[in-house]
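User: I would like to take a close look at one part of this structure, namely the way its helices pack against one another. Please explain it in connected prose, at a level suited to a first-year student.

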Amino acid sequence: MKQIKDIDYIFLSTRIKAMERGLLSRERIERMLDAPTTEEAVKVLTECGYSEMNVVTAAELERVLAEQQKKVMADLSSGAPDKNIVDIFKLRYDYHNAKVLVKAEALNIEQDQLLLGGGRYDAETLATDFRREDMSGYTDFFRRGMSRAREILGSTGDPQQADFILDRAYFEEMSAMANSVDSKFLRDYVALSIDVANLRSCVRASRLDKGTDFLNQVLVGGGSVSVRNLSMARGEELGNLFRLGSLSAAAAEGAAKAAPGSGPLTEFERLCDNALMDFLSDGRRVPFGVEPIVGYLFAREAETTAIRTIVSGRMAGLDGDTIRERLRDAYV
């Protein structure tokens, strides 16, 4: 197999630099927040390539977001020298769909309207294959994760246990895919993503007064801090475990909010997401290679979250300042 070099990414990296101009920038976010009506706010999204919404509803918003997600993923997959780079960002949608299908089966209901496009696997085909128990066309990580989640939910009736299993499979598959790509930057991004997930789990477990046994179920290996050290640490000690890395500010905030009843986690969550954004923003200085692609894909995920936050907030009647507090740093 031909080794892929940074120079092989020149064409796609150049395209991405142009595509970044269509991202939801801070200036566009402010226009959405300041628009007189929600209908006027969503019109800004057409500048970013989203289709128009005839009516502003939650269902219509999800339709537009899913349409754009599918289009972007197909576009980048066709041009990426190594499709694993793009597929890493498709995993989220596959495992979301896995959770929907496993829980719907346990409840003996159909919730296909909750399935998302943009993953590696067509959502309708996945639903059909899962129900007829033919998962031969899926990766081992994904197949085993769904099978184990189905078993544990059937035996315990606890959907949280099923989520733990699928989350672990998600990060394990992400790590394996990153390791197959010759890019330290991508591997570091995945390790940081695992650190963020583990830090969040530790803070939430501490606030719920959960112990080591619970953490051993939810923590995932592959981050910069070992599962053993995380599971043994008390909530207030989390700041020390991450004090030398990019999660230092988030960990310090998490440690301060780790006690039950210690206040909202809004700032902690924002700092976690911003740590990932800061890491990937540094990659924008690289002219061509894996870095611009990874950064752009993450920026698209962050954009989707920001759009949901703004539009749902406006539909709920929240003022601009309240919505701003919930937003993360913009990539552009």
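Analyst: In this predicted model, helix α5, residues 83-107, and helix α7, residues 140-156, have axes that come within 10 Å and cross at roughly 30°. An angle under 35 degrees counts as roughly parallel, and α5 and α7 are therefore roughly parallel to each other. The crossing by which α5 passes α7 is right-handed.

The contact itself can be read residue by residue. On the side of α5, the participants are D94, Y95, A98, L101, V102, K103, E105 and A106. On the side of α7, they are F141, F142, M146, A149, R150 and L153. Sorted by class, the residues of this contact comprise 10 nonpolar, no polar and four charged.

Two neighbouring members of α7 deserve separate attention. F141 lies in helix α7 and has a relative accessible area of 28%, so this residue is partly exposed. Apart from neighbours within four places in sequence, F141 is in contact with Y95, A169, E172, E173 and A176. One of these partners, E172, is 31 residues from F141 in sequence, yet the two C-alpha atoms are 7.6 Å apart in space. F142, for its part, touches D94, Y95, A98, R120, Y121, L126, M135 and E173, again without counting residues up to four places away in sequence. Y95 is thus in contact with F141 and also with F142.

F142 also leads to the wider interior. In soluble globular proteins, nonpolar side chains tend to be buried together. Here the largest nonpolar core has 82 residues. Those with the most contacts inside this core are L76, F142, M146, L186, Y189, L199 and V294. Helix α9 supplies the largest share of the core, 12 residues. A second, separate core of 22 residues includes I29, L33, L65 and I307.

Helix α9 takes part in another packing arrangement. The axes of α9 and helix α14, residues 266-282, come within 10 Å and cross at roughly 175°. That makes α9 roughly antiparallel to α14, because an angle over 145 degrees is counted in this way. From α9, the residues in the contact are F185, D188, Y189, L192, S193, V196, L199, R200, V203 and R204. They meet F268, E269, C272, D273, A275, L276, F279 and L280 in α14. By class, this contact has 12 nonpolar, one polar and five charged residues. Y189 and L199, which take part in this contact, are also among the residues with the most contacts inside the largest core.

Another residue of α9, which spans residues 184-207, is S206. S206 counts as buried because its relative accessibility is 18%, and buried means under 20%. Leaving aside neighbours within four places in sequence, S206 is in contact with G235, A258 and P260.

Finally, helix α16, residues 320-326, contains I323. With 1% relative accessibility, I323 counts as buried. Beyond its neighbours within four places in sequence, I323 is in contact with L33, T309, I310, G313, R314 and L318. I310 is 13 residues from I323 along the chain, and their C-alpha atoms are separated by 6.4 Å. L33, another of these partners, is included in the second core.

Key:
Residues numbered from 1 in each chain as written. Predicted model: local features only at pLDDT ≥ 70, side-chain atom pairs only at ≥ 80, totals over all residues. Heavy atoms only, no water. Axes fitted to C-alpha atoms, helices over the stretch in contact; angles between N-to-C directions. Helix = DSSP H or I, 4+ residues; strand = E, 2+ residues; numbered from the N terminus. Parallel < 35°, antiparallel > 145°, perpendicular 65-115°, else oblique. Left-handed = near helix turned anticlockwise from the far one by under 90°. Contact = heavy atoms within 4.5 Å. Nonpolar A, V, L, I, M, F, W, Y, C, P; charged D, E, K, R; others polar. Buried < 20%, exposed > 50% of the residue type's maximum accessible area, 1.4 Å probe, protein only. Core = buried A, V, L, I, M, F, W, Y, C linked by side-chain atoms within 4.5 Å.
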